[in-house]
Amino acid sequence: VKVRQALQALVDQTAILAALGASPELVQHCQSMFMCDAPYTSTAATQELMKPNIEKAKALLKEAGYKGEKVVVLHATDILTIHLSATVLEDLMRKAGFNLDVQASDWATVAQRRFNKEPVEKGGWSLMPLQWVGFDLATPLTHYGIAHNCTNGYAGWSCDEEMGKLLAQFTVETDEAKRKALVDQIQKRAHETVSVVLGGQFMLSSGYRSNLKGVLSTGIPVFWNIQK
């Protein structure tokens, strides 16, 4: 956990988002597990995370007893947003003292290799920079880094007994105010155990010809309902 907290401490969302080259109105420093400007946006346990701290990361690594063991990063080079953000992250990790073995490949190779649970000496891995779509992150029951807790269903395989109890409560709770209170607890626990580290929130702009009608406003392209 201390090693993961070190990673969490060094992540500079401003630097990562700047590397993407997006317009300022399309990016946002966001430490809410469930997206910012969304139904379950939460500020729980986010205050300390708003300012990256390399020195804190170094101290946490020392506290964890890290002695320069190899850290394998699966770096997808053919998806530009992943490639750029991973490059910034790797630079920050080296500055904090992580001994990186960056293994660059296309996304298809990363997507297949991420299911390898072997030690790094046998083809396993330590860290996988990626991007998720906001739809999937909007609730605890669909969030990749939380919903699959102890299910062995998503690469990373986080398992926390306390998180399981909170998710069970959220699933059956029907009062929306109580649900939002549970979201705060879930996020606090997620940031404590560092099941996933957030690198920032961004949007992609899109355009279409003026003679098209019925284009649906969605976060991913869909090609139905359209007419010329």
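Let me start in the loop between strand 1 and helix 3, where Ala 45 is placed, and let me say straight away that what we are looking at is a predicted model. The backbone of Ala 45 has a phi near 60 degrees, which is a positive value in a residue other than glycine, and Ala 45 is partly exposed, at a relative accessible area of 41%. The loop between strand 1 and helix 3 also holds Asp 37, and there again phi is positive in a residue other than glycine, this time near 55 degrees. Asp 37 is exposed, with a relative accessible area of 69%.

Staying in this loop, I would like to turn to Gln 31, which likewise lies between strand 1, residues 27-28, and helix 3. Is Gln 31 buried or exposed? With a relative accessible area of 8%, and with the limit for buried set at under 20%, Gln 31 counts as buried. What does the side chain of Gln 31 reach? It comes to 3.2 Å from the backbone oxygen of Leu 49. If we leave aside the neighbours within four places in sequence, the residues in contact with Gln 31 are Gln 13, Thr 46, Leu 49, Met 50, Gln 187, His 191 and Leu 198.

That brings me to the cysteines, since Cys 30 is bonded to Cys 36 in a disulfide, with the two sulfur atoms 2.2 Å apart. The torsion about this S-S bond is 100 degrees, and the link of Cys 30 and Cys 36 is right-handed. Cys 30 is buried, at a relative accessible area of 3%, and Cys 36, at 14%, counts as buried too.

How many disulfides does the structure hold? There are 2, and the other one joins Cys 150 to Cys 159, with an S to S distance of 2.0 Å. Here the torsion about the S-S bond is about 100 degrees, so the disulfide of Cys 150 and Cys 159 is right-handed. As for accessibility, Cys 150 is partly exposed, with a relative accessible area of 40%, whereas Cys 159 is exposed, with 59%. When the bonded cysteines of the protein are numbered in sequence order, the pairing reads 1-2, 3-4.

Now to the helices, and a word on how we talk about them: two packed helices are described by the angle between their axes and the distance between the axes. For helix 1, residues 2-10, and helix 3, residues 54-64, the axes come within 8 Å and cross at roughly 175 degrees. That crossing angle makes helix 1 roughly antiparallel to helix 3, because angles over 145 degrees are counted that way. On the side of helix 1, the contact is made by Lys 2, Val 3, Gln 5, Ala 6, Ala 9 and Leu 10, and on the side of helix 3 by Ile 54, Lys 56, Ala 57, Leu 60, Leu 61, Glu 63 and Ala 64. Sorted by class, this contact of helix 1 with helix 3 has 9 nonpolar, 1 polar and 3 charged residues.

Which residues of helix 1 are buried? They are Gln 5, Ala 6, Leu 7, Gln 8, Ala 9 and Leu 10. The partners against which the buried residues of helix 1 pack are helix 3, helix 4, which spans 80-96, and helix 9, which spans 176-193.

Since helix 4 has come up, let me add a residue from it, Leu 84. Leu 84 is partly exposed, with a relative accessible area of 25%, and, leaving aside its neighbours within four places in sequence, it is in contact with Ala 19 and Leu 20. Between Leu 84 and Gln 8, which are 76 residues apart along the chain, the C-alpha atoms are separated by 18 Å.

My last residue is Gly 21, in the loop that runs between helix 2, residues 13-20, and strand 1. Gly 21 is exposed, with a relative accessible area of 62%. How far apart in space are Gly 21 and Leu 80? Taken from C-alpha to C-alpha, Gly 21 and Leu 80 are 11 Å apart, while in sequence they are separated by 59 residues.

Methods: Residues are numbered from 1 along each chain as its sequence is written. This is a predicted model: local features need pLDDT of at least 70, side-chain atom pairs count only at pLDDT 80 or more; totals for chains, interfaces and linings use all residues. Side-chain values use heavy atoms; hydrogens and water are left out. A disulfide is a pair of cysteine sulfur atoms within 2.5 Å. Buried means under 20% relative accessible area, exposed over 50%, partly exposed in between (1.4 Å probe, protein chains only). Axes are lines fitted to C-alpha atoms, for helices over the stretch in contact, and angles run from 0 to 180 degrees between N-to-C directions. Helices (H or I, at least four residues) and strands (E, at least two) are DSSP runs, numbered from the N terminus. Angles under 35 degrees count as roughly parallel, over 145 as roughly antiparallel, 65 to 115 as roughly perpendicular and the rest as oblique. Contact means heavy atoms within 4.5 Å. Ala, Val, Leu, Ile, Met, Phe, Trp, Tyr, Cys and Pro count as nonpolar, Asp, Glu, Lys and Arg as charged, and the others, Gly among them, as polar. A polar contact is a pair of N or O atoms within 3.5 Å; within protein, one must be able to donate a hydrogen and the other to accept it, and residues adjacent in sequence count only if both atoms are side-chain atoms.
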